Structure formats: structure tokens, C-alpha cells
Amino acid sequence: MSWTKVLAVDSLPMDSRQVVKTGNHNLLLLNHNGQFYAVKNSCPHLKISLKKAKITEDGALVCPMHRSAFDLKTGAVKEWTPWPPLVGKAMGMISQEKALSVFPVKTEEGSIWVDLTDS
Ligand code: FES
């Protein structure tokens with residue numbers, strides 16, 4: 001494990017998000033319903049920022065561009081480029097379906113820590 005301190009817990013209130021750069025990593029930190037998550041701030045499709053991604057009731061992070069949906073806990077693809085209709089599927093063929101990178105998170109000593117070991 002390679003835990004890296006990324007942000008004070010107080011800096012990420014309930015249902016907020018923040019982009020944090022640490023080393024070579026561009027992370028999106030989220031506080032969703034009081035649970036912290038850290039994901040790569042880059043959609044696996046065309047690498048755009050996920051800062052404005054919506055979170056669905058079933059815990060998927062949805063890219064604002066072509067609405068690919070990724071499980072917030074695992075990064076698994078739930079849906080790949082469904083938007084806009086017809087064109088979205090063609091856009092999806094530009095790059096192969098790929099999971100979103102998610103990182104283990106813990107809080108300790110008033111800070112949020114992210115394990116960047118496998119990145
Ligand atoms: S850029 Fe995210 S789904 Fe296309």
C-alpha cells in the first residue's frame with residue numbers, strides 16, 4: 001500500500017467534490033452521502049474530466065459527455081457511451097470499453113488518504 005495524504009476531511013463536505021493533483025495523478029475526490037471516493041479524473045472513453053459527472057441513485061458516476069456510467073465503488077462499466085442516441089454508440093467504438101480507475105480511500109488524522117499503489 002502506498003497511502004498518500006490528499007486533502008483535509010473538512011475540505012470535502014457532504015455531497016461535494018474536488019479535483020486534486022498529486023504527483024502524476026489527477027484525482028476526483030467525492031463525498032457522496034458521507035462516503036469518500038477517489039477516482040481518476042478522466043473518462044476512460046475520451047479522457048475528459050469527470051468533475052461534473054452525475055451520481056445516480058444506484059451509485060453510478062455518469063460522464064457528462066456521452067453518459068458512460070461507472071460503478072463508483074469498483075469502476076466497472078455499467079453503460080458505455082449511450083448518448084446521444086445512435087451517434088453515442090458510434091462514438092463508443094472510438095475506444096474500447098474500459099473501467100474507470102478507482103482508488104482505496106481512508107480517513108486518518110483529519111485527512112483523506114488515497115492508496116495509489118496500483119496506478
Ligand atoms: S467522454 Fe465520457 S463517455 Fe465519452
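This report describes the fold, sheets, core and one buried serine of a predicted model.

**Overall fold**

The chain holds 1 helix and 11 strands. Read from the N terminus, the order of elements is β-β-β-β-β-β-β-β-α-β-β-β. The radius of gyration is 14 Å, close to the 14 Å that the globule rule gives for 119 residues, so the chain is as compact as a globular protein of that length. Along its principal axes, the C-alpha trace spans about 50 × 25 × 20 Å. Of the 119 residues, 25% count as buried. Contacts between residues at least 6 apart in sequence include a long-range share: 36% of them join residues at least 24 apart.

**The sheet with β2, β3, β4 and β9**

Four strands form an open sheet here, in the order β2-β3-β4-β9, with antiparallel pairing. The edges are β2 (17–22) and β9 (102–103). Each has a single partner strand, so one side of each is left without a neighbour in the sheet. Strands β2 and β3 pair over 6 bridges. Within that pairing, Gln18 has Leu29 of β3 as its bridge partner.

**The sheet with β5, β6, β7 and β8**

Another open sheet of 4 strands runs β5-β6-β7-β8, and its pairing is antiparallel. Here β5 (54–55) and β8 (77–79) stand at the edges. Both have a single partner strand, so each has one side without a neighbour in the sheet. The β5 and β6 strands are joined by 2 bridges. Ile55 has its bridge partner, Leu61, in β6.

**The β10–β11 hairpin**

Strand β10 (residues 105–108) runs antiparallel to β11, and 4 bridges join them. Glu108 stands opposite Ser111 of β11. The hairpin has 2 residues between its strands. In this hairpin, Glu109 takes a positive phi near 55 degrees.

The table sets out three strand pairs with their bridge counts and one facing residue pair for each.

| Strand pair | Sense and bridges | Facing residues |
|---|---|---|
| β2 and β3 | antiparallel, 6 bridges | Gln18 and Leu29 |
| β5 and β6 | antiparallel, 2 bridges | Ile55 and Leu61 |
| β10 and β11 | antiparallel, 4 bridges | Glu108 and Ser111 |

**The nonpolar core**

The largest nonpolar core has 23 residues. Leu29, Ala38, Val39, Leu50, Leu61 and Val114 touch the most other members. Elements that give two or more residues to this core are β3 (25–32), β4 (35–40), β6, β7 and β11 (111–115). Strand β3 gives the most, with 4 residues. Two of the residues that touch the most other members, Leu29 and Leu61, also appear as bridge partners: Leu29 for Gln18, and Leu61 for Ile55.

Ala38 shows what such a position touches. Leaving out residues up to four places away in sequence, Ala38 touches Leu27, Leu29, Val102, Phe103, Val105 and Val114.

**Ser68**

Ser68 lies in the loop between β6 (60–62) and β7 (69–71). Is Ser68 buried or exposed? Ser68 has 28 other C-beta atoms within 10 Å. The cut-off for burial is 20 or more, so Ser68 is buried. Beyond its neighbours within four places in sequence, Ser68 is in contact with Cys43, His45, Cys63, Val77, Glu79, Trp80 and Thr81. Ser111, the residue opposite Glu108, is 43 residues from Ser68 in sequence. In space, the two serines are 31 Å apart, C-alpha to C-alpha.

Technical notes
Residues are numbered from 1 along each chain as its sequence is written. This is a predicted model: local features need pLDDT of at least 70, side-chain atom pairs count only at pLDDT 80 or more; totals for chains, interfaces and linings use all residues. A residue is buried if 20 or more other C-beta atoms lie within 10 Å of its own, exposed if 12 or fewer, and partly exposed in between; C-beta atoms are placed from the backbone. Two residues are in contact if their C-beta atoms, placed from the backbone, lie within 7 Å. A nonpolar core is a set of buried Ala, Val, Leu, Ile, Met, Phe, Trp, Tyr and Cys residues joined through C-beta atoms within 7 Å. Two strands pair if DSSP finds at least two bridges between them. The radius of gyration is taken over C-alpha atoms; the globule rule is 2.2 Å times the number of residues to the power 0.38.
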